[in-house]
Amino acid sequence: MKDAATRREPPRTAALLWNRVIRRHWVREPFLTATLAGILALGVAVFLAVRLANKAAVSGFALFTESVSGESDLILRPRAGLLDSSLLRELRAASGPLPVEYFPVLELTGAVSGEEEEGLVRLVGVDLVAIGNALAAAAGSSVANASSKDSGNPSGPGDPESLFRPGAAFVGTAFAAARDLAEGDELRLWIRDREATLEIAGILPDPPNRPAIPATLVLVDLPSLQSLAGEEGRISRIEVRFAEGRDAEEVSAKVAQRLADLATERDLLLETPEDRKASVTRMSAAFRMNLAILSGLALLVGVYLIMQALEAAVVKRRAEIAILRSLGVTPREIRRAWMAEAFALGLVGGLGGILLGRLLASALVGAISATVNMLYYETTTRAVTLHWGEAAFSLGFGVVASLVAGWIPAREASMTPPAQALRQGSQGGGLALLRSWPLGLLLLAVAYACAHIPAVRLPGGTAFALGGYLAAFFGVLGASVLLGLLFRPVAALLGGGGDAMRRYAASRLAAVGGRHRLTAAGLSAAIGMSAAMAILVASFETTLTSWIGQILKADLYVASPGAPSIANANAISEPEWRRIVALPGVAGADTLQRQSIEFEGREILLGGASYHDDPDRFLELLWVDPPPATGPGTLSGDGAWVSEPFQRRFGRGKGDVLELPTPSGTQRVEILGVYADYGNESGTVLVSRASSSAWFDDSKVSSIALYAEEGVDPEELLERLRSEFPAVTARTNELLRTESIRIFHQTFAVTYALEAIAVIIAVGGLGLALAGLLLERRAELATLRAIGATRRDIARAAMWEGVGIALAGLAGGLGVSFFLGWILIEVINPQSFGWTLRYAVPWGGFGLLSALTLATAAAVAWGVGQRNANLRSDRRE
Amino acid sequence: MMALQVSSVTKSYPGPDGPVPVLKGVSLSLEPGERVALMGPSGSGKSTLLNCVGGIDRPDGGSIEIAGEDLGGLDEEGLCRLRRQTVSTVFQFFHLLPTLSARENIEFPLLLNGVAESERAARVAALVDEVGLAHRASAMPHELSGGEMQRVAIARALAIEPRLILADEPTGNLDSTTGEAILDLLAALGERHGTAMLVVTHSPQVPRICHRTVEMRDGQLLATEKPA
């Protein structure tokens with residue numbers, strides 16, 4: 001500028017470009033902008049939803065007394081079985097005059113009559129007087145006053161005497177509302193194998209500043225529950241609370257030390273509620289982590305798409321960028337402006353994703369909770385709360401994803417020459433690296449090497465299959481690079497025949513450009529990962545079906561009341577199960593007693609099994625490492641069979657000796673064999689029922705498998721069983737198989753949804769990419785129109801080109817899915833869960849996926865072709 | 001100081017049988033306020049010379065100075081600064097930013113240079129008047145005719161008060177009447193602002209408004225003619 005004295009403001013070119021150029025494009029093309037933000041929002045939403053639902057499913061595990069009595073300072077519990085209440089006296093003696101309170105708790109599972117298969121209720125027996133006094137002390141009144149109707153607590157128990165009446169029960173508002181219960185109503189429950197009638201003595205409102213009262217909690221006075229369950233004098237744990245006030249810390253330390261001494265002496269566990277929660281929720285850590293990583297899939301495909309869309313925007317606005325360059329805007333300023341666009345897109349999409357994710361999480365939490373319930377522990381939460389930390393993390397993730405996606409287009413934009421040098425129709429775009437096939441091979445080799453990295457142990461013992469995930473990442477990347485090689489064969493496939501437009505499309509595919517490669521790479525990543533998940537699910541299903549076929553040999557299966565869940569601790573008493581086994585028409589039975597025990601700091605199941613002794617019809621487990629002898633009577637004495645997840649978790653195998661904590665002291669057993677178990681990931685040790693009954697002084701059983709005599713119809717036997725033993729849940733072999741497969745599909749429902757989203761996003765990306773390609777070729781299209789091609793012809797050419805790209809993406813995706821499936825089955829799954837699966841490919845599913853992808857791609861490409869067929873060659877964007 | 005000094009510039013492009021020389025020792029100078037028409041057949045090297053002068057291409061030999069600044073000593077950032085502050089270009093296809101109105105297009109280079117708002121407003125208003133578009137200043141590019149778009153492009157080129165305007169077929173996309181009007185406008189504004197102009201053209205009308213015409217053939221300037 002001539003006038004050096006011209007007043008200057010510091011130029012903020014990036015802001016200027018944003019304001020005057022990019023923002024205006026957003027306003028001019030609201031649909032495209034909304035689509036891009038929507039895609040990103042969907043990716044962020046899925047990511048956030050799974051995280052929130054995971055969190056909700058975990059936070060649903062709480063100590064059931066917490067919402068009623070507040071959090072304890074310490075918990076004392078046995079490593080296995082129940083405690084004798086007499087321990088309380090010893091505790092009080094040990095702590096002497098120190099100000100500490102002990103709350104004995106008996107916690108059992110039960111089932112509401114009529115809802116036997118719908119879910120468990122958690123029966124908690126507590127010393128209501130002690131809790132009442134503690135609550136009242138905090139409120140400055142006595143228990144009687146606090147619970148009176150006149151106290152201003154309309155939901156509290158009406159009559160103080162009702163607290164101690166046998167059969168008096170308290171439930172939360174959620175429990176009462178679900179069953180339309182009011183104070184004074186009857187509640188019929190199955191406790192163990194007995195049906196008991198309780199009376200609702202009060203409906204407890206959710207306390208402020210504490211966890212909400214779980215919808216499955218039934219609170220009963222301790223002696224009352226002990227008597228109803230036949231567990232007189234026994235408790236599950238003792239919760240310890242220190243008094244507040246002067247010298248509290250000193251006193252607490254003193255008491256804690258005395259309790260620790262006692263716990264060591266009696267081989268009990270002393271832990272804080274936080275320890276307890278952490279150790280329980282850790283069990284499902286691998287499951288949740290896998291789901292979270294899977295949820296990143298939609299976002300990853302979203303990244304491809306944003307990259308494509310921003311690149312298309314570069315192509316579309318190339319002339320405009322060239323003008324800016326002519327006016328003196330530097331490449332760096334162009335790059336910054338494009339990155340600002342990616343950032344803004346990430347921000348808008350991320351914020352939208354948070355709202356959408358919150359809604360989606362509510363839908364997902366049910367499915368995740370159901371799986372956690374089934375496989376790990378009981379969780380009660382069905383409601384999701386938006387954690388701001390999670391929201392901020394997801395927003396940040398969305399913005400970073402968008403910036404990563406925007407980097408290449410921004411770089412490409414900055415390399416645009418000034419308008420003087422710009423030649424129309426210049427084909428650019430796509431990653432230059434995507435053209436190097438040796439790099440593709442190198443990436444696959446890296447992927448294969450990563451698959452051999454052993455699992456990384458996270459704090460708390462959870463195994464993280466880092467190598468597996470890295471292998472999957474490099475595998476997808478390698479396939480993306482190599483699929484450029486597929487375009488020529490695809491072009492040859494499509495180029496035959498006399499259809500001019502198909503030939504034109506094939507010639508375009510043969511001269512494969514960067515955008516073709518990038519689009520096919522996005523599609524291949526989405527299809528590869530989805531198809532790999534389908535392989536995993538199919539392998540799981542095949543393995544499970546064969547496992548079920550192997551282990552379900554009996555005609556009828558009988559279990560204690562309550563839904564099939566790992567948390568179901570109901571049991572059938574000895575007289576009852578003996579009567580069942582002795583029913584006319586029953587040839588024999590397998591019985592299983594299940595106990596939860598603490599083994600090396602982690603919770604496992606100890607099963608006491610007794611098998612039918614007919615050499616022709618007996619339960620033969622599916623062996624991973626078979627014992628020296630199998631068949632009736634081979635599990636006895638100090639021998640044990642362990643499940644495969646146990647073997648993987650604890651690194652113990654055949655010949656090792658285990659020290660199992662039991663109420664009658666530590667028992668040493670030798671591992672004789674390892675069997676496959678897909679029903680429980682925590683690990684199971686199977687011993688003979690005779691041993692477990694003796695160790696736990698418990699003759700109850702959890703489940704029975706009945707073998708019908710020859711000629712006896714299992715259905716008739718089932719009817720008889722149901723009429724004579726209403727307390728138990730009975731299913732025929734066929735029903736149990738169907739039920740198992742249904743539960744299996746329910747477990748994988750979340751993954752199906754995630755896969756579908758990823759593929760939908762990828763096909764959407766194909767449409768966007770084609771629109772960019774056609775825009776780039778507008779001069780060519782004008783030529784085609786000039787020599788007589790109709791709009792339909794151009795749409796048809798676009799369709800064939802779209803189909804060609806989809807074919808390449810599909811072939812690459814399905815190809816890499818075999819490798820990804822192998823990683824999931826041979827690396828990630830064994831490392832995370834300890835399950836060996838039989839590799840199975842769902843060919844039918846692959847066919848359907850291919851047909852749907854190609855059909856959708858053809859339709860999308862046709863639409864894009866129709867819309868762009870009339871582009872003027874001299875149109876300036 | 002000369003507005004433009006091109007001295008013995010050479011430039012070759014790689015070809016299948018070795019380098020193909022496009023500029024063969026071209027020398028040319030423009031006084032401040034001087035208008036020169038650069039004519040010649042297609043492939044003679046006009047565009048290459050224009051690109052070298054505009055800093056888009058680098059010559060293999062020789063030197064180019066604009067307002068005393070040697071382009072050979074400038075990096076990419078320096079060339080951007082040159083385009084932002086010293087040299088403007090007027091294109092055959094106008095190249096207006098489609099998202100900005102006529103007034104905003106004219107204002108844009110001033111914004112890039114950080115010119116204060118009051119001065120910016122005054123300068124844009126004056127230019128809009130000068131090119132006769134006061135009544136169309138708020139129109140978007142797609143609402144303007146070809147002649148109007150080229151007027152906006154000329155005003156935009158003048159906004160930064162450049163030492164040199166490079167015009168690449170400025171009437172090539174206009175009908176003859178509009179083309180004449182645009183040439184008159186260019187000449188008038190060039191006189192008023194004292195801006196030198198190098199106009200690349202095939203049009204026989206352009207020399208009418210130029211102080212001289214140079215013809216290029218096979219990468220060499222043949223003769224310098226005074227306008228008829």
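Biologist: What is the relative accessibility of B:Glu69?
Modeller: This is a predicted model. A buried residue has under 20% relative accessible area, and an exposed one has over 50%. B:Glu69 counts as partly exposed, because its value falls in between. The relative accessibility of B:Glu69 is 25%.

Biologist: Which side chain meets that of B:Glu69 in a salt bridge?
Modeller: The closest N to O distance in this pair is 3.1 Å. That fits the cut-off of 4 Å for a salt bridge. The partner of B:Glu69 is B:Arg81.

Biologist: How many residues apart in sequence are the parts that B:Glu69 and B:Arg81 tie together?
Modeller: Start from the salt bridge between B:Glu69 and B:Arg81. B:Glu69 lies in strand S5 of chain B, residues 69–70. B:Arg81 lies in helix H2 of chain B, residues 76–85, so the pair ties together two separate elements. The parts are apart in sequence by twelve residues.

Biologist: Does B:Arg81 count as buried or partly exposed?
Modeller: Its relative accessibility is 34%. Buried would need a value under 20%. B:Arg81 therefore counts as partly exposed.

Biologist: In which helix do B:Glu119 and B:Arg123 both lie?
Modeller: These two residues form a salt bridge, with the closest N and O atoms 2.8 Å apart. They are four residues apart, about one turn of the helix. B:Arg123 counts as buried, at 12% relative accessibility. The helix, residues 117–130 of chain B, is H4.

Biologist: Which residue forms a salt bridge with A:Glu644?
Modeller: The closest N and O atoms of the pair are 3.6 Å apart. Both residues lie in helix H21 of chain A, residues 644–650, four residues apart. The partner of A:Glu644 is A:Arg648.

Biologist: Is A:Glu644 buried or exposed?
Modeller: Its relative accessible area is 1%. Its partner A:Arg648 counts as partly exposed, at 38%. A:Glu644 itself falls under the 20% cut-off, so A:Glu644 is buried.

Biologist: How many residues of S4(A) are buried?
Modeller: Strand S4 of chain A covers residues 121–126. On one side, A:Val121, A:Leu123 and A:Gly125 are buried. On the other side, A:Arg122, A:Val124 and A:Val126 are buried. The count of buried residues is six of six.

Biologist: How many bridges join S3 to S4(A)?
Modeller: S3 spans residues 100–112 of chain A and runs antiparallel to S4(A). One pairing sets A:Gly110 against A:Val121. The number of bridges joining the two strands is six.

Biologist: Do S4(A) and S8 of chain A run parallel or antiparallel?
Modeller: S8 covers residues 217–221, and five bridges join S8(A) to S4(A). A:Val124 stands opposite A:Leu219 in S8(A). The two strands run parallel.

Biologist: Which residues are linked with A:Arg122 in a network of salt bridges?
Modeller: A:Arg122 is buried in S4(A). The network links A:Arg122 with A:Glu107, A:Arg237 and A:Glu239.

Biologist: What separates the C-alpha atoms of B:Val200 and B:Ala167?
Modeller: B:Val200 lies in strand S8 of chain B, residues 196–200. B:Val200 counts as buried, at 1% relative accessibility. Its contacts include B:Leu38, B:Leu50 and B:Ala167. B:Ala167 is 33 residues away along the chain, yet the C-alpha separation is 6.1 Å.

Biologist: What area is buried between chain A and chain B?
Modeller: The contact involves 34 residues of chain A and 43 residues of chain B. Carbon and sulfur atoms give 56% of the buried area. That area is about 3600 Å².

Biologist: How many salt bridges does the rule find across the interface of chain A and chain B?
Modeller: One salt bridge pairs B:Glu107 with A:Arg20, the closest N and O atoms being 3.1 Å apart. Over all chains, the count of salt bridges is 34. Across this interface, the rule finds five.

Biologist: Which helix gives the most to the side of chain A that touches chain B?
Modeller: There are eight residue pairs in polar contact between the two chains. Helices H1, H12 and H13 of chain A each supply at least two residues of the side that touches chain B. With eight residues, the helix that gives the most is H1(A).

How values were computed: Residues numbered from 1 in each chain as written. Chains lettered and ligands numbered in written order. Predicted model: local features only at pLDDT ≥ 70, side-chain atom pairs only at ≥ 80, totals over all residues. Heavy atoms only, no water. Contact = heavy atoms within 4.5 Å. Buried area = accessible area lost by both parts, 1.4 Å probe. Polar contact = N/O pair within 3.5 Å; in protein donor to acceptor, adjacent residues only side chain to side chain. Buried < 20%, exposed > 50% of the residue type's maximum accessible area, 1.4 Å probe, protein only. Pairing = 2+ DSSP bridges. Lists of a residue's contacts leave out its neighbours within four places in sequence.
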